[in-house]
Structures are given as structure tokens and as C-alpha cells.
Amino acid sequence: MGKDWKVSELIVAAGSGMANRAVNAFFRDGRITLLVGANGSGKTTLLESLAGLRQPASGAVELGGESLWSGRRKLNRSVLLALGIAPQHAESQWFTGSARRELDYSMKPYRLAEPEREQRIREALERTGLGPELLQRDPWTLSGGQQRRLALACLLACRPHWLLLDEPTAGLDAEGIRRLCAILEAHRREGRGAVVVTHDLDALLPLADDVVVMDGGTVREAVPAAAYARSLAREAGPAAPQALRTAAELAAAGFAPPQPEGGAPWLPPRALAAELAAQLGRGREAHANAPTARNDAASGAAIQPAANEPPAMLRSAGTAGASRTEGATRTEGAACAEGTSGAPVAAAGAHSAASKRFEAAGRFEARLFDPRALLAAYMLLAAAVLQQRGWAGAAVASALTAALLWPLRRYLRPYAGAVKAYALLIFIMTALAGIRLQPPGFDTAAASLTLLRLGKLLLVMLLGLPLLGLTTPLRLQQAIEQSLAWTRRLRVPVHSIALTVALVFRFIPLLAAEWHRFARIACARGKTNSRPGSVPPAMLKAVLIPFLLSLLRLADGVADALEARGFGSRDEGAAPGTRLRFTRADAILVMAALVLFICLFLAARSGTL
């Protein structure tokens with residue numbers, strides 16, 4: 001029985017491209033399938049879903065009839081051992097201090113004997129073109145191409161049945177790409193499969209068996225690579241590989257580019273050059289034998305046919321070739337042109353209208369209000385919540401908070417884990433506050449008071465979390481600088497204060513994203529069956545140390561960027577390039593928050609709530 005991938009009605013709760021869209025896909029075993037599409041269409045999200053790095057909200061992912069998820073929170077370990085994934089950025093997966101230990105870490109879940117591990121390391125290094133002298137080097141000190149090869153070597157050493165590769169040609173030179181193609185061909189000869197996310201059709205389309213196009217989170221039915229190439233050839237637009245664009249230009253110039261055989265999308269460069277040379281030779285012969293030919297025609301004037309008026313033989317051959325190509329396209333390319341829900345070229349070349357509207361809405365929302373208005377509104381609402389003294393007022397404040405946060409709920413998703421942890425802490429503290437030792441019992445009044453106080457703090461925290469997404473660090477920095485500009489006369493370092501606050505706001509979500517990324521990659525390489533993003537206690541050391549090192553590298557990069565921009569030497573009184581302006585929408589926001597504050601404050605003081 002083959003190990004085919006089957007994705008049925010899959011919805012990924014969080015992630016670009018595929019969020020809240022049901023996806024159906026099928027990848028056949030023993031074949032190389034390219035996953036193509038515009039940036040943001042969901043290719044990486046789908047690839048990570050196949051690897052178990054993203055937890056589905058609904059739907060199923062099966063490999064050879066066996067579900068990837070053995071439960072709602074656990075992955076099927078036997079399926080994980082049959083696959084290997086290499087992320088787009090190879091440097092995002094290093095956990096140890098040497099290339100040798102990286103290889104050992106990848107093979108650890110397979111529990112191989114020492115001789116077997118050594119043999120696999122030698123074979124993986126040889127196939128990827130890495131020398132054994134690199135084994136003792138820190139992966140971070142390798143070049144981008146060497147890191148990409150090392151990431152591939154870590155996969156090959158595990159010998160997975162399925163390779164899941166995200167932009168594998170990025171950072172590789174011509175030799176590296178040639179080795180990658182050889183590795184994929186050998187993998188296919190062994191009866192194994194690969195799903196490759198790529199924009200590099202020039203290198204990988206001649207190797208592929210099938211092509212799957214993603215457009216705005218929608219997966220189109222797989223088509224043969226040759227049929228997909230013919231559909232690209234009809235358009236010959238910027239999204240088409242260079243070989244197809246060249247063939248179109250040759251046909252327009254009067255040549256008849258020959259049709260490749262055996263399902264290849266185009267002829268290799270040497271074969272194409274030989275055929276063109278033969279056509280030029282035949283053209284010279286026909287021109288020399290023509291009765292009206294001048295004696296100097298052999299000097300080379302007829303060698304290169306003019307684009308506006310090619311020789312008769314080439315013109316007729318080009319016409320015949322074009323007719324032959326169109327006929328083949330209509331018959332053999334029907335699956336690509338008619339059997340799918342649209343042209344693959346359009347899917348691969350541009351974002352869908354829905355994606356553009358989503359991105360535009362996100363950009364507009366983030367810049368709708370002045371950061372000073374957002375901060376003022378938050379402080380007024382937080383003060384109104386804290387003023388509540390009873391459960392009736394707390395209930396009204398909770399309802400108001402829920403109504404305000406519902407349109408902004410997507411900004412709360414990254415912090416769902418922290419909110420749940422704080423809610424659990426509230427429950428524990430409430431239980432402890434109610435415990436009475438003398439005499440033994442439970443003090444309901446004390447527990448209720450603790451729950452009320454901590455619950456109000458939870459509401460204040462929830463109201464503040466969307467601020468990280470509703471503004472940008474740059475706009476926040478500008479708001480602080482403009483608001484405190486008058487203090488410069490008192491020698492207050494306004495610019496330094498504003499920059500520090502902006503960096504803090506920038507690094508809060510960055511730290512959460514960085515931890516989540518390391519947790520996912522550690523679980524993927526360690527083949528743990530825990531829920532994506534959660535780290536088993538036994539793996540904390542493997543994740544914590546690389547995470548701290550990553551933070552140090554981030555800080556070092558920030559320091560270099562600040563130094564390059566002249567921070568510390570700039571004139572504090574320099575005029576800003578842009579200025580924030582308080583608009584009518586900002587005034588309405590602040591006034592609405594002020595009205596709510598007054599109403600809740602008066603109600604709490606009068607005892608109404």
C-alpha cells in the first residue's frame with residue numbers, strides 16, 4: 001500500500017493564507033510534487049500542517065490511510081518518523097554548537113546503533129557535498145549555502161519516506177542545485193515522495209511529476225508538470241521560467257523550437273542550441289539555392305533571421321510548430337486548462353483579491369488611530385474597570401471589555417497561552433485565599449474578594465494586549481517624542497526614552513514568536529507527539545539554550561542597526577521626517593472612552609453597580 005498524503009477539509013486556526021479556509025489536497029507517493037503560488041497564498045502553512053507543526057482547527061491529514069493526529073492534542077509518532085521537513089530559513093533550526101551534534105540530534109528519535117549513525121552521516125555529507133571537516137564547526141559560522149546543505153543532510157541521514165522542503169534552492173549555487181536535483185531523483189527512484197514549495201521553476205519544474213497551485217488559501221487539483229509547463233508557455237509572462245520565455249521569443253522571431261519528448265517541459269540548453277544551429281544551417285542552404293539570392297548572401301546576412309520578416313522556410317516552420325504546439329496544448333493540456341478552477345499562471349503570479357483586501361484592511365486598521373489616542377482611551381477604560389467595587393460593576397465591565405475586544409480578537413490569539421495561564425493562577429489564588437485553618441473550612445467572602453480583584457486585573461490586561469497590534473513601534477516612538485518634546489529644554493533624553501519604549505513593544509511579540517518557532521522546530525526534529533508550540537519537560541534544555549542564544553543574536557543585530565543609523569551621535573533636536581496628527585477619529589475615540597469612564601465611575605460611586 002502506498003503512502004499517499006490526503007488532506008480533507010483542513011482548517012488551520014492560525015497562520016497566513018489558509019486561516020479559516022477549508023483545504024483539500026492529495027499528494028501521490030513516489031512522485032515529486034511542486035507546491036507553487038503567490039506569496040501569502042498558504043504554501044508554507046500547508047507544508048507545516050503536513051509535518052504536524054500547525055494544529056488544525058478541523059479536518060484531517062492522513063498518510064497512507066493513517067491519521068497524522070492520534071488525538072486532538074497529540075501527533076501520531078509513526079507518521080512523524082516517516083517524514084522530514086526543512087524550513088525555508090535553514091538557520092532557524094540549529095540547536096547545538098556543532099554540525100555533528102545537529103546530525104546526531106536529527107537521528108536521535110530513530111535510535112540507531114553507533115556504526116549505522118556514522119555510516120548515515122558519511123553518506124549524507126557526501127550526497128550534499130559537505131566535507132567531514134565541517135562536522136566540528138558551529139552551524140552559525142557556515143555560509144548560507146552550507147547551512148542549506150547541512151539542513152538537507154540532517155534530513156537525508158534520517159532517510160524519511162517523505163521529504164517536505166520549503167524553498168530548497170534558496171541560497172544554493174549552481175553546484176548545490178545540481179546536487180539537490182540528484183538527491184530528489186534518487187529519492188524518487190527509491191519509491192519515495194517529496195512535496196517542494198518553490199518559486200524556482202527553472203530548476204525544479206523539469207524534475208517534477210506534478211504541480212499543485214495555491215491561490216488565496218485554495219488548493220487546486222494536481223496537474224502533470226508537463227501540462228503545467230504548456231499552460232505557462234501559452235502565457236510566456238514574467239511568471240514563466242526563462243526557458244519557456246526564450247522559446248516564445250524564438251518562435252516570434254521565426255524559429256520553430258522543437259517539442260521535447262518524454263514529458264520534459266523544455267529541451268536542455270545544449271539540445272536546443274544544436275537544433276537551432278541545424279535550423280540556421282537549413283536556412284542558409286535554402287537562401288543560397290534561391291534563384292534571386294545575391295552572391296554575398298553567404299557572408300552571414302541570412303544567418304540571423306529578422307524578427308519582422310524571417311526567411312520563408314523558417315516562417316513556415318515556425319507556423320507549423322506553433323500549430324503543433326497549440327494542438328498539443330489543447331489536447332494534452334486540457335487537464336491544466338479546463339480541469340482546474342482557473343489558470344495556474346494567474347494563481348502563481350498574483351495575490352487574490354481577497355488576500356489584497358485582507359492585507360489592506362490590516363494596514364489601515366494599524367494606522368487608523370493616533371497612538372496617543374489609543375493610550376488615552378486605554379487608560380480611561382482601565383481606570384473605569386479598576387473603580388468597580390462589586391460583582392454587578394465587574395459584570396458590566398466584563399461585558400464592555402468583551403464587546404470592545406470582539407472585533408480585535410485576532411490580536412489576542414498570540415497571547416492565548418499567557419491569558420490561560422493567568423486565568424489558572426487566578427483560580428489557584430482564589431482557592432488558597434478561601435482556605436481557613438482555624439477552624440478548618442472555606443471562607444467564601446475572602447475567596448470572592450480575591451477573585452474580584454484579580455479578575456479586574458485580567459480585564460485590564462486584556463484591554464492592553466491589542467495595543468501591540470493596533471500600532472507600530474515607529475508610530476509609538478513618534479508619539480512619545482512629540483508628546484515629550486517640551487522636556488528637551490530640561491535635558492531629558494526624549495529620543496532615548498521613546499526608542500526604548502518602541503523596542504520593548506517590538507520585542508514583546510517577537511519573544512513570543514521566537515519561543516513558539518523554536519518549540520515547533522524542536523518538536524519536529526525530535527519527533528515528539530506533543531501539541532505544536534508546547535515543549536515536553538524533557539526537551540526544555542534543547543529549546544531554552546538555543547532560544548537564549550537567538551535572543552542574544554537578535555540583540556546584537558539591533559545594536560548593529562542602531563549604530564549604523566547613528567544612534568547616540570544624532571542631534572536630539574533634529575526635526576522628524578513625519579509628524580503624527582490628531583484626527584477627528586482620534587477625538588471621537590477618546591471622547592467615547594471618557595464617556596464610558598464617567599458612566600462607570602459615577603455608577604460605582606453611587607452604588608448603582
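Visitor: How do you know that helix α17 has a span close to the expected one?
Guide: In this predicted model, α17 covers residues 416-434, which makes 19 residues. From its first C-alpha to its last it reaches 27 Å, and the expected value at 1.5 Å a residue is 27 Å.

Visitor: Which residues of α17 are called buried?
Guide: They are V419, Y422, I426, T430 and G434. The word applies because each has under 20% relative accessible area.

Visitor: Why do you say that the buried residues of α17 line one face of the helix?
Guide: Looking down the axis of α17, you find its buried residues within an arc of 100°, so they line one face. On the other side, G417, K420, L424 and L432 are exposed, a word that calls for over 50% relative accessible area.

Visitor: What covers the buried residues of α17?
Guide: The cover includes β12 (435-436), β13 (441-442) and α18 (444-464). The loop between β12 and β13 holds P439.

Visitor: What makes the bond between Q438 and P439 worth a look?
Guide: That peptide bond is cis, with omega at about -10°. Most peptide bonds are trans.

Visitor: Why is R159 called partly exposed, and what is its phi?
Guide: Its relative accessible area is 33%, which lies between the 20% and 50% cut-offs, so R159 counts as partly exposed. Phi of R159 is positive, about 50°, although R159 is not a glycine. You can find R159 in the loop between α5 and β7 (162-166).

Visitor: Why is E167 called buried or exposed?
Guide: E167 has a relative accessible area of 9%, which is under 20%, so the word is buried. E167 sits in the loop between β7 and α6, and its phi is near 50°, a positive value in a residue other than glycine.

Visitor: How many cavities of 30 Å³ or more are there, and what is the volume of the largest?
Guide: The structure holds seven of them, and the largest has a volume of about 130 Å³. Its lining has 14 residues, and G84, I85, S106, L155 and R525 are the closest to its centre. At least two lining residues come from each of β6 (83-86), α5 (144-158) and α21 (494-526). By class, the lining has nine nonpolar, three polar and two charged residues.

Visitor: What lines the second largest cavity?
Guide: This cavity, of about 100 Å³, is lined by 14 residues, with R148, L152, P168, L172 and L180 nearest its centre. Two or more lining residues come from each of α4 (114-128), α5 and α6 (174-189). The lining of the second largest cavity has eight nonpolar, two polar and four charged residues.

How values were computed
Residues numbered from 1 in each chain as written. Predicted model: local features only at pLDDT ≥ 70, side-chain atom pairs only at ≥ 80, totals over all residues. Heavy atoms only, no water. 1 Å grid on protein atoms, 1.4 Å probe; cavity = no way out; pocket = protein on both sides within 12 Å on 5 of 7 lines; lining within 4 Å. Points joined across faces, edges and corners; volume = space filled by probe spheres on them. Helix = DSSP H or I, 4+ residues; strand = E, 2+ residues; numbered from the N terminus. Nonpolar A, V, L, I, M, F, W, Y, C, P; charged D, E, K, R; others polar. Expected span 1.5 Å × (residues − 1). Buried < 20%, exposed > 50% of the residue type's maximum accessible area, 1.4 Å probe, protein only. Arc of directions from axis to C-beta. Contact = heavy atoms within 4.5 Å.
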